[in-house]
Amino acid sequence: MKPYTNKRIADESRYWGIYSSAEAVLSGRQVDIVNKLKARLAVITGGSKGIGRNVALRFAVAQDNIIIVHYDPDEKDAAETLRALRQLGVEAESYKIDVSSFEAVDSLFKDIFSKHKKIDVLVNNAGITRDSLLMRMTEDQWDTVIRVNLKSVFNCTHAVLRSMIKERQGCIVNIASVVGQIGNAGQANYSASKAGIMGFTKTVAREVAPRGVRVNAVAPGFIDTEMTAVLPDTVKESFMKQIPLGKIGRPEDVAEAAYWLCTDAASYITGQIIHVNGGMYM
Ligand code: NAP
């Protein structure tokens, strides 16, 4: 999204019927003030690379301020994302914690709330794979994936919800996966975590809708990131055969859907799973 200019405010205002002569009343300085007032704070877990980085950039293009959360002690990816975000003119911070830890998440969000008044958007995107056929899957592979992919969504949502309810507004987007819907051999842990996210999304959406908070999920298909780069060629070829659009998805495709869900254009949408998968699952 482009920054708010006089012309854009006038066009949008006319479209939504908000102001009758916005163009006439807004000077350049007032436009700056409108931009600042409209800037939201978006927290994106797993925002250091891949889909999460692109989600962060998408919100930043719309001039929202960003907090990314990541876990790798090598801060290179996070630093690169922060640089790109700041180049877009927004305020950006990064924190290194394990989102699967309830205590770490609780403490981080307390810090964020003491520094910033509120959080407008939460994108629960952090995720990992530990693939293995079920017969060979270890307890650790199961527990780790469920903790990082699913418990983290509980941890972070739990940490922001009270404030969003108090503010009577807020938008949460959980990143699920097509395999949460259709399954995938070798990913019992991962697909269970993603199916869990879908049930969680619908339940919390029902709980908080009367308080003005919307909760949705985006379920990506086969997306070009580090997570999929490590897959053997045979697995990649088999995925490609299942995609009617005949191409791998880009992180930007997922980011666009996540961003759109948090705009006013989606204000009547909650409890939904938006599929971004090239037709892999319909
Ligand atoms: P990615 O490139 O591997 O990025 C994963 C992100 O999660 C990184 O920023 C990583 O940070 C963070 N993360 C991992 N464990 C964490 C932890 N314990 N605490 C905090 N942050 C943690 O993966 P991606 O492909 O972008 O995937 C992003 C999301 O989309 C995941 O939930 C994934 O399941 C989902 N998804 C991906 C695809 C796909 O095809 N790529 C398809 C469907 C769904 P560090 O590197 O700093 O640890």
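Start with the whole protein chain, coloured by secondary structure: this predicted model has 12 helices and 7 strands. Switch to colouring by burial, and 38% of the 282 residues count as buried. If you like contact maps, look away from the diagonal: among contacts with a separation of 6 or more, 74% join residues 24 or more positions apart.

Next, select the ligand and its surroundings. The shell holds 29 residues, and the closest to the ligand are Gly46, Gly50, His70, Asp72 and Gly127. Now highlight helix H4 (50-61), strand E2 (65-70) and helix H10 (226-229), the elements that each give two or more residues to this shell. Colour the shell by residue class and you will find 12 nonpolar, 12 polar and 5 charged residues.

Keep H4 selected and add helix H5, residues 76-87. Two packed helices are described by the angle between their axes and the distance between the axes. Here the angle is about 15° and the axes lie 9 Å apart. How do H4 and H5 run relative to each other, roughly parallel or roughly antiparallel? An angle under 35 degrees counts as roughly parallel, so H4 and H5 are roughly parallel to each other. Turn the view to look through one helix at the other, and you will see H4 pass H5 in a right-handed crossing.

Finally, show the side chains where these two helices meet. On the H4 side, pick Arg53, Ala56, Leu57 and Ala60; on the H5 side, their partners are Thr81, Ala84 and Leu85. By class, the residues of this contact divide into 5 nonpolar, 1 polar and 1 charged.

Key:
Residues numbered from 1 in each chain as written. Predicted model: local features only at pLDDT ≥ 70, side-chain atom pairs only at ≥ 80, totals over all residues. Near = placed C-beta within 6 Å. Helix = DSSP H or I, 4+ residues; strand = E, 2+ residues; numbered from the N terminus. Nonpolar A, V, L, I, M, F, W, Y, C, P; charged D, E, K, R; others polar. Axes fitted to C-alpha atoms, helices over the stretch in contact; angles between N-to-C directions. Parallel < 35°, antiparallel > 145°, perpendicular 65-115°, else oblique. Left-handed = near helix turned anticlockwise from the far one by under 90°. Contact = placed C-beta atoms within 7 Å. Buried ≥ 20, exposed ≤ 12 C-beta atoms within 10 Å, placed from the backbone.
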